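Here's a quick tour for anyone meeting this protein for the first time. Have a look at the sequence and the fold, then read on.

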Amino acid sequence: MKMCVRMRWAGAGLLVFGASVAIAESGGPIPSVTGAPGEIFCTECHSDFVPNTGGAVTIVNAPPYYKGGSTYTMTVRVASGQTVASVDRAWGFQLTAIDAGGSGAGTFANVDGQATKILAGGGSLSSRRYIEHDGAGTRNGMASPASWDFRWTAPPTGSGPITFHFVGLAANGTGSEVGDWGYHGSAVMGDSSTAAVPTSWGAVKGAYR
Ligand code: HEC
């Protein structure tokens with residue numbers, strides 16, 4: 001299974017970069033592995049166990065609705081009891097935000113000290129942006145849960161509902177893709193400009209004043 005994936009990508013022209021992709025992995029995975037439409041999951045490579053077993057990845061403090069152009073600080077959290085016996089346990093995540101058409105939505109920013117980085121998708125996914133742990137962000141040895149704060153500035157008003165797709169990994173810290181537990185989830189954030197249904201003409205006028 002692991003080999004299949006690598007060979008498929010090698011065929012797509014990544015062969016030259018194959019070595020650096022593998023080396024760069026614990027420094028943060030390749031883009032487009034959040035399981036959003038058109039993407040794979042971390043568990044394509046970290047494939048020993050059934051995804052979403054004995055843990056979860058969630059976004060903490062995500063508002064149900066966004067206001068166009070507003071910036072939100074959120075926290076992505078990976079909780080798992082599966083690596084409790086691994087002293088050097090490591091953690092990782094990747095997250096993206098897309099609109100109903102599948103295009104990347106809003107702008108991510110790193111929060112100081114969180115050890116995250118931002119990547120762009122390639123090819124047909126080039127409008128998408130990804131925030132993930134960097135080489136210093138694997139929180140080695142940390143007890144469950146591990147979390148990372150990040151900032152997201154919403155797209156303009158009227159962009160419609162935005163779906164966040166996120167994946168987390170509870171790794172055993174052996175520096176390989178073996179023996180690691182993968183989690184994934186998604187959450188929809190509504191567009192506040194279309195959420196409030198006006199109940200009177202006064203309210204409509206108020207909304208456009
Ligand atoms: C293309 C295959 C592939 C994908 C997809 C992938 N990884 Fe990895 N990952 C690896 C390999 C190979 C290693 C070991 C080499 C290294 O660490 O550089 C690794 C190592 C890691 C480690 C260190 C593991 C340990 O036990 O020390 C973490 C953490 C990690 N990956 C997180 C992730 C996360 C989070 C995702 C999804 C967002 C992901 N990886 C997706 C191949 C992959």
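## A pair of facing isoleucines

Let's start with one small spot: I118 stands opposite I131, a residue of β7. Keep in mind as you look around that this is a predicted model. The two strands here, β6 and β7, run antiparallel and are joined by five bridges.

Where does that pair belong? Both strands are part of an open sheet of six, ordered β2-β10-β9-β4-β7-β6, and its pairing is mixed. At the edges sit β2 (65–66) and β6 (116–120), each pairing on one side only. As a bit of background, strands of a sheet pair through backbone hydrogen bonds, and they can do so parallel or antiparallel.

## The other sheet

There's also an open sheet of four strands, with the order β1-β3-β8-β5 and antiparallel pairing. Its edge strands are β1 (55–60) and β5 (107–110), and each of these pairs on one side only. From one strand to the next, the twist averages 30 degrees.

Zoom in on β1 and you'll find that this strand pairs with β3 (residues 71–80) in the antiparallel sense, over six bridges. Within that pairing, V57 stands opposite V78 of β3.

## Stepping back

How many helices and strands does the protein have? The count is four helices and 10 strands. Reading from the N terminus, the order is α-α-β-β-β-β-β-β-β-β-β-β-α-α, so the strands come in one unbroken run with helices before and after, by the way elements are counted here.

Of the 209 residues in the protein, buried ones make up 33%. Contacts reach a long way along the chain, too: taking those between residues at least 6 apart in sequence, 73% join residues at least 24 apart.

## The nonpolar core

In soluble globular proteins, nonpolar side chains tend to be buried together. In this model, the largest nonpolar core has 35 residues, and F93 and V167 are the ones with the most contacts inside it. Which elements give two or more residues to this core? They are β3, β4 (90–98), β7 (129–133), β8 (146–153), β9 (162–171) and β10 (181–191). The most comes from β9, which gives seven residues.

V167 is worth a closer look. Setting aside neighbours within four places in sequence, its contacts include V33, T34 and G35, then F41 and C42. V57, the residue that stands opposite V78, is also in contact with V167. So are F93 and Q94, along with G182, Y183 and H184.

## Backbone oddities

Most residues other than glycine have a negative phi, and most peptide bonds are trans. A few places here go the other way. The peptide bond from S144 to P145 is cis, with omega near 0 degrees, and P145 lies in the loop between β7 and β8.

S32 isn't a glycine, yet it has a positive phi of about 65 degrees. N52, another residue other than glycine, also has a positive phi, near 60 degrees. S32 is in the loop between α2 (18–24) and β1, and N52 is found in the loop between α2 and β1 as well.

Are these two buried or partly exposed? S32 has 22 C-beta neighbours inside 10 Å, so this residue counts as buried, the cut-off being 20 or more. N52 is partly exposed because 16 other C-beta atoms lie within 10 Å.

Technical notes:
Residues are numbered from 1 along each chain as its sequence is written. This is a predicted model: local features need pLDDT of at least 70, side-chain atom pairs count only at pLDDT 80 or more; totals for chains, interfaces and linings use all residues. Two strands pair if DSSP finds at least two bridges between them. Axes are lines fitted to C-alpha atoms, for helices over the stretch in contact, and angles run from 0 to 180 degrees between N-to-C directions. A nonpolar core is a set of buried Ala, Val, Leu, Ile, Met, Phe, Trp, Tyr and Cys residues joined through C-beta atoms within 7 Å. A residue is buried if 20 or more other C-beta atoms lie within 10 Å of its own, exposed if 12 or fewer, and partly exposed in between; C-beta atoms are placed from the backbone. Two residues are in contact if their C-beta atoms, placed from the backbone, lie within 7 Å.
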